[in-house]
Amino acid sequence: MPFSSRRGAGGWRQSSYLPTTKSANKQPRKPRKRAAATFRDFVLSNFFKIILCFTFLFFIFILFRFTYVPKPLPLGPGTPRRRPSPPRKPVVHKSSNDILLPAAVDITTKGLYDKIQFSDEDGGSWKQGWRVGYKGNEWDEEKLKVFVVPHSHNDPGWKLTVDEYYDRQSRHILDTIVETLAKDSRRKFIWEEMSYLERWWRDASEIKRESFINLVRNRQLEIVGGGWVMNDEANSHYFAIIEQITEGNMWLNETVGVIPKNSWSIDPFGYSSTMAYLLRRMGFENMLIQRTHYELKKELAWNKNLEYVWRQSWDSEERTDIFVHMMPFYSYDIPHTCGPEPAICCQFDFARMPGFIYESCPWGQNPVETNHENVKERAIKLLDQYRKKSTLYRTNTLLVPLGDDFRYININEAEAQFRNYQLLFDYINSDPSLNAEAKFGTLDEYFETLRDEAARIDYSRTNEIGSGEIRGFPSLSGDFFTYADRNQDYWSGYYVSRPFFKGVDRVLEQTLRGSEIMLSFLYGNCQRVQCEKLPTGFSHKLTAARRNLALFQHHDGVTGTAKDHVVEDYGSRMHMSLQDLHIFMSKAIEVLLGIDHKRNDQNPAVFEPAQIRSKYDVQPMQRTITVHEGTLQTVVIFNPLEQMRNEVVMVVVDKPDVTILDMNWTCVEGQVSPEIQHHKSKIFTGRHRVYWKASVPAMGLQTYYIANGFVQCAKAKLATLRISSSSNQLSCPTPYTCGYLDSETVEIGNGHQTLTFDLNLGLLQKIRRNDGYSTVLVEEISMYSSTESGAYLFKPNGEAEPITKTGGQMVVSEGLLVHELYSYPKTATENSPVSHFTRIYTGKNTIQEFVIEKEYHVELLGHEFNDRELIARYKTDIDNKRIFYSDLNGFQMIRRETYDKIPLQGNYYPMPSLAFMQESSGKRFSVHTKQSSGVASLKNGWLEIMLDRRLVRDDGRGLGQGVMDNRPMNIAFHILVESNVSSPSVPVLDHPLSPSLLSHLMGAHLNYPLHIFVAKNPEEISVQPPARSFSPLATPLPCDLHIVNFKVPRPLKYSRQPFEEPKFALILHRRQWDSAYFEKDRLLCSIMFDEPINLFKMFEGITVANTRPTSLNLLHDDVDTLGYSEHFGDGAQEGHILISPMEIQAYKLQLKPRG
């Protein structure tokens, strides 16, 4: 229903018509009869003019009324309602990179951390709170309205695989819900996970499907969230979050005909403000969250701030506001949801009665069947809990979830809950003196009733900033990491658990995105049915890849908190999709380069990826290219980014005598270095790495050749080696020239920076830039001993201790393009758990010139590493005062501070892709990571990142095992040291800092690497192939504009969609960057996004027929409800887009080949 009280709502504004000139002096008032006669004469003399004017006005009214009809949002059952926007502010055409002003809010999570003492006081019955009471007159004027919301939390993988859970539990739960809700229209239920619903839908009969849809239409059954899974919010990248929600929401809309507007997120282990932003831009109106630090819950509950409006810290215009309900107690199970006393609430979990499969109440008193003899006593006891819980909130509208993991598994269980609660409700509702009404409800009914109450009663407090979204509630900014559920138990371990598969997750993301882009260009350039064969034939596998990536975003998937065999299932699914995507990309290359326009999905590909992965749980290996005398191998490079890339690339060959040629057979300088592996003595593999600098068009393809015997060009130059070996086991590999390292330090450098290493330990010691700027950087590899840590918890016994000792093996390789130091350190164990490369690049005009590349090979295998957690620590001279910044989901940065009042593990935070330290002078140290991890700054100038963890014990959070399935893996960091070139962005309390533009580009290059493909068969060198490349963009896009995705949303229905319907989606992100670090000579692009981009002129050879702005889940075309500024929708119809910094915007496009 509409809520006219929301700011921005209301009727037509009255107009005042004022004279354009000053009136003459007032005349005496004429007699009323004279005035009437004058008016009659005027009407008669101007009759036809008046009729003509009225006719024209009526015509304008009819034209406006019937030609402009706002399209209602398909929000599902019930009365559609639109979200009024906050009052429109003047549109300011921003400069290339406006400084983001901090949001004005009532509460910040940093402010909460500063205030709370974290003393963990015992609150009695509500152990983490206080003894809650009430006077009894709180509901005299506004009765208590209780919505009991039945639910069942279905993990798509945890202790069982998603298939095992479906077969044993989830399909029975859905069957039960459909059957039991149909018996009584008063019964309600909510469902979240589309991964299970889609599977059930395939298996369900038409009768069950129809019954399900009727329940949704009747508002008995609500789909909340509607993502493929309930995603993790610490490790997941925003690309994957958008994908998983879109996949679920689109399936739901196409199948059931609804689009969710309420988010239900009860089990992720902490919450990110990025999620609030994405949901707002997807058209969601309300959120519910549960797992936040128990001390924060207590503080918010004490001040009745558990319901608030979540605002992004960088949003000074209140355009990202979304309403949030935070549950107040320990868990989402029934004992912890009816009120503050779990011993009483457990008595109302009727599935714990004798005869059911669930354990009895641990507090000693179990539920009993409700009957006419005990209903009064039971109802009053339950209402007492409801009343106590309601005092923690501002309104008299109360939400009471009723469910737990995999509940309502059969008819008897469901009937026990519905039957007993209905008797209790009937008693409460029959007694007016109780001033209460209780009933089953959906999440939407709760929020609707709450908003209605807030529209009637103003709960605002004096000087409260609040929000135009809904009055009466505080505004809040910040995030909710790191989560603690009790005592000193902080859930920071899952930031790192199963890091191997966290790495696979990111590889699947970047490969899926690359495949989506290629498929879009295949369809966009296609004029005939023949060229649709490949993308059409691949559609099912593309959909499967989307869903396998989405599945792993589950809060027990990417978190690494599932049973071993479940992790294997996730890994196998991702591996299968990676293979499918690589095959498709290999074949798409042939079409896009014009080699085979009629390529289909059946014939084998001509190309294959340069990196191959033989199994789901092994590191990818570089394919060895064999080039015989007189032959050449074709190499095709795909650039998935939106700017031209000049980059040093690498492939592996079996012999070093090779030459590099570009597509025009022009000679390209190259470097050959020995391939090195993680091994104590056999470091050299006998294979060779070939490097050259490639130039690849934006989102395009470029061809190179590796030849043997091409006499017109010089061979790639051999690197020179220097070796240090404490055991003298290393010999110089053929055909390289070797020297020996015999000093205390060694240096490698390029034209921009020089790195100094401690030769005894093989670790970084100092960075000196060639402009005189230097940074002390003492690299350390250390381990925590952790006998209480588990998959979820990080709980070390003390400080981390360094593991490296004097000695070990070191190789320095220096060549035309790459200088690197490899170290296999000596440790107390016979085999080191880690070895590492440090690389810098000398290729001119590349982003890589400024990068320090760290690559750690980790093998935390064997019993000697049990209950150990491995870290890389960088000890710098930066005076950061233990304050640093880490990213949230790869989307935005947030300020972190180390507190002495919480333990070490509570000062660890998620690091999905970036962390940096900065001092007041502007000196900044940044580390980009290729996969999610955990990060901390425990001492001044220190930044440490966890690499892997091997834990024997279960940590008591339900998994029932430790983490012992470690795999050998590589973890890559890109380090950037910067100094400000203008007034530094001084860290101000709660002020959002941003990466530099160079840092953004560096992160993009790391997370979206070039895809290299090699021809399966060599060609004769005597025949020059035609020049082949693919440049789809008319011009490269601005440096601060990122294409999140370019895709065909419905590939399975592409050919069946009407021609005029947009079949493509383009999602764009405007990066915010810190202009204090803008050094133009460090960038390869100079165009900043300060002018509108014309989508109609974006592509080369493709016409954009029409554009339509839409929500991030691609389902809401009425963009006025999404919170964007005016220019989002205004210019899109003409193809002009202008995006404010930080914003992500989506567009639907119709493409056709340019004739």
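## A helix across a sheet

Let's start with helix α17 (residues 997-1007), which lies across β41 (914-918), β42 (924-929) and β45 and runs at about 165° to β45. Everything described here comes from a predicted model.

The three strands under that helix belong to a wider arrangement. An open sheet of 11 strands, with mixed pairing, follows the order β27-β26-β33-β34-β35-β36-β45-β42-β41-β38-β39. At its edges are β27 (737-740) and β39 (892-897), each of which pairs on one side only. From one strand to the next, the twist averages 20°.

You can look more closely at one pairing in this sheet. Strand β36 (residues 852-858) and strand β45 (residues 969-978) run antiparallel and are joined by seven bridges. Within this pair, H857 stands opposite N970 in β45.

## The protein as a whole

Stepping back, the protein has 18 helices and 54 strands. It contains 1155 residues, of which 64% count as buried. Among contacts between residues at least 6 apart in sequence, 76% join residues at least 24 apart.

## Two helices side by side

Two packed helices are described by the angle between their axes and the distance between the axes. For helix α15 (residues 533-552) and helix α16 (residues 564-592), the axes come within 9 Å and cross at roughly 145°. The crossing of α15 and α16 is left-handed.

Many side-by-side residues make up this meeting. On the α15 side they include L534, F538, L542, A545 and F552, while the α16 side includes Y570, M574, L581, F584 and V591. Charged residues take part too, among them K541 in α15 and R573, D580 and K587 in α16.

## Aromatic rings that bridge the chain

How many aromatic pairs does a search of the whole structure find? The search finds 61. One of them joins Y165 and F406: their ring centres are 4.3 Å apart and their planes are at 20°, so this pair is stacked. Y165 sits in helix α4 (residues 162-181), and F406 sits in the loop between β9 (397-405) and α12 (411-430), so far along the chain that 241 residues separate them. Both Y165 and F406 are buried.

A second pair, F189 and Y408, has ring centres 5.1 Å apart and planes at 85°, so it is edge-to-face. This pair also links distant parts of the chain, with F189 in strand β3 (residues 189-191) and Y408 in the loop between β9 and α12, 219 residues apart. F189 is buried, with a relative accessible area of 0%, and Y408 is buried as well, at 1%. F189 and Y408 belong to one aromatic cluster that also takes in F348, F350, F418, Y421, F425 and F440.

## Arginines over rings

Rings can have other partners in this model. R513 lies over the face of Y1008, at 4.7 Å from the ring centre. R689 takes up such a place over the face of F837, at 5.9 Å from the ring centre.

## An enclosed strand

Where does strand β49 (residues 1041-1047) lie, buried or exposed? Seven of its seven residues are buried, so β49 is largely enclosed by the rest of the structure. Its partner is strand β50 (residues 1064-1070), and the two pair in the antiparallel sense over six bridges. In this pairing, F1046 stands opposite L1066 in β50.

Methods:
Residues numbered from 1 in each chain as written. Predicted model: local features only at pLDDT ≥ 70, side-chain atom pairs only at ≥ 80, totals over all residues. Heavy atoms only, no water. Phe/Tyr/Trp six-rings, centres within 6.5 Å; stacked < 30°, edge-to-face > 60°. Helix = DSSP H or I, 4+ residues; strand = E, 2+ residues; numbered from the N terminus. Buried < 20%, exposed > 50% of the residue type's maximum accessible area, 1.4 Å probe, protein only. Lys NZ or Arg CZ within 6 Å of the ring centre and 35° of its normal. Pairing = 2+ DSSP bridges. Axes fitted to C-alpha atoms, helices over the stretch in contact; angles between N-to-C directions. Contact = heavy atoms within 4.5 Å. Left-handed = near helix turned anticlockwise from the far one by under 90°.
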